[in-house]
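Hi there,

Here is the structure I promised to pass along. Have a look at it first, and then read on for my notes.

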Amino acid sequence: MTTDSQTLSDGSSMSLPGHVPSELVTDYRYGQEPGFADDPQGEFARRLLGPRVIYAENPQHDGRPGWMITRYEDVRAVFQDGETFSSKAGANFQGFIGETWDMIPLELDGERHQKYRILLNPLFSPGKVNAMEQGVRELAISLIEAFEAKGECEFLEDFARPYPISIFLKLMDLPLDMRTTFLAWEYQVLHATDMDVRRDGLKKIINYLRVAIEDRRKNLGDDLISFAIKARIDGEPISEDDIMGVVFMLYIGGLDTVVASLGFMFKYLADNPDQRRKLVENPALIPDAIDEMLRAFSTVNSSRLVTRDIEFAGVQMKAGDRVFLGTIAANRDPLEFPDPETVNFERPVNRHLTFAAGPHRCIGSHLARRELKIALEEWLKRIPDFAIKPGAKMPAHAGGVWGIENLPLYWPAK
Ligand code: HEM
């Protein structure tokens, strides 16, 4: 592959594959521009309202350049074409510490991916989620009741973080008193900037899960780890590495995403009392409101690896190129969503891509929606009026999952 050199706005240079037109190259580094901290999704979407594709130096903050797809239709098309766009370009956290297994099913392609989806889909079906409803509701109520009378809380610390991790620990039948430790490790992996700190967190999680899987072999139950140990693919037991890949994927996939979505939703509802009132007066609107907030405040951009030379969205892409899907911008594409910046709980058509589309569409979407619905229902019943503490700063961060760091709320104490 031939390479050219391109000078960037900060004076540094970037080596550019020969097939990348220089007019599409940008050194746009999302997350660092003024305005991002307060309105990350809006800022990102407005910046990308231009060409259908750009070529960016460091689109995923991991030092690797790639194409960045900005439009709704194109992002959906990439998600749906797993043959041309491989999922082998994923986060690969485990690779940071030299582990060679895949996160399953996220980093698999084709038939192997399909076999794992057939195996795992039933675990997260609407019926299975119905069966979890009562436990999740009791958990939400107990978390809220722990601070309700105080008239204030740090929403992320006191509710959004402990909520999904408790559900995960229950699904895995791991001890609930590991909650704080698990959260601390997860925080190290997903939020630290120092690579040594991230590696340390990863090692601790993986070592813990490895021992838990080994112990479970001697004491099988109804939990997900036991399910993976007992499962067969093509008549064969799943390898040690693949069990690890499944359990680790659920840990990484189902926690921070829910925390971040709760953070953005409650910030929006605290800031917009009229919208909040609509949900208090008409709780039947909550499911549509959740989907609309998932659209407007989405948290995950995906990436793929091109498997063959193709023309896509008017540019030549070569096998091996990385493609970064600007899902968060696509969810605010005016060609798909009229008046995209308005949060309209009664939006007539809302085919958002927050849970992706195609073969890798989020396996946990039913559970995630239910967790969010129960959280809103139980919260609004008890705390219908709440606001952000005056003077509070809630800077948003970019990264694998976009989110806010803190959300101090208060309400009239009882
Ligand atoms: C609001 C919360 C959530 C959001 C926004 C979200 C988002 C996503 C997205 C965008 C993908 C596709 C990634 C890609 O292909 O590049 C995905 C896949 C996945 N998610 Fe979620 N997710 C959420 C909650 C959950 C939960 C609660 C679980 C677990 C119970 C979960 C488990 C998974 C798994 C296992 C995959 C991989 C599916 C596959 O590759 O076939 N997610 N999620």
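Below is what I found, beginning with the ligand and moving on to two helices. Please keep in mind that this is a predicted model.

The ligand site: there are 24 residues around the ligand, and H113, R117, S302, H360 and C362 come nearest. By type, the shell divides into 12 nonpolar, 10 polar and two charged residues. Several elements supply at least two shell residues each, namely α3 (110-120), α10 (240-254), α11 (256-271), β10 (302-306) and α15 (365-382).

Some polar side-chain atoms come up to oxygen atoms of the ligand. For H360, an N or O atom of the side chain is 2.6 Å from a ligand oxygen. For S302 the distance from a polar side-chain atom to a ligand oxygen is 2.7 Å, and for R304 it is 2.8 Å.

Helix α6: this helix (residues 162-172) is largely enclosed by the rest of the structure, because nine of its 11 residues are buried. Among them are Y163, I165, F168 and M172. After α6 comes D173, which has a positive phi near 55°.

Helix α8: with 23 residues (195-217) at 1.5 Å a residue, α8 should span 33 Å, and its end C-alpha atoms are indeed 33 Å apart. At its start, a side-chain oxygen of D194 comes within 2.8 Å of the backbone nitrogen of D196. The buried residues of α8 include L202, I206, L209 and two arginines, R198 and R216. What do these buried residues pack against? Their partners are α6, α7 (179-191), α9 (224-230) and α10.

Happy browsing!

Note on methods
Residues numbered from 1 in each chain as written. Predicted model: local features only at pLDDT ≥ 70, side-chain atom pairs only at ≥ 80, totals over all residues. Heavy atoms only, no water. Near = heavy atom within 4 Å. Polar contact = N/O pair within 3.5 Å; in protein donor to acceptor, adjacent residues only side chain to side chain. Helix = DSSP H or I, 4+ residues; strand = E, 2+ residues; numbered from the N terminus. Nonpolar A, V, L, I, M, F, W, Y, C, P; charged D, E, K, R; others polar. Buried < 20%, exposed > 50% of the residue type's maximum accessible area, 1.4 Å probe, protein only. Expected span 1.5 Å × (residues − 1). Contact = heavy atoms within 4.5 Å.
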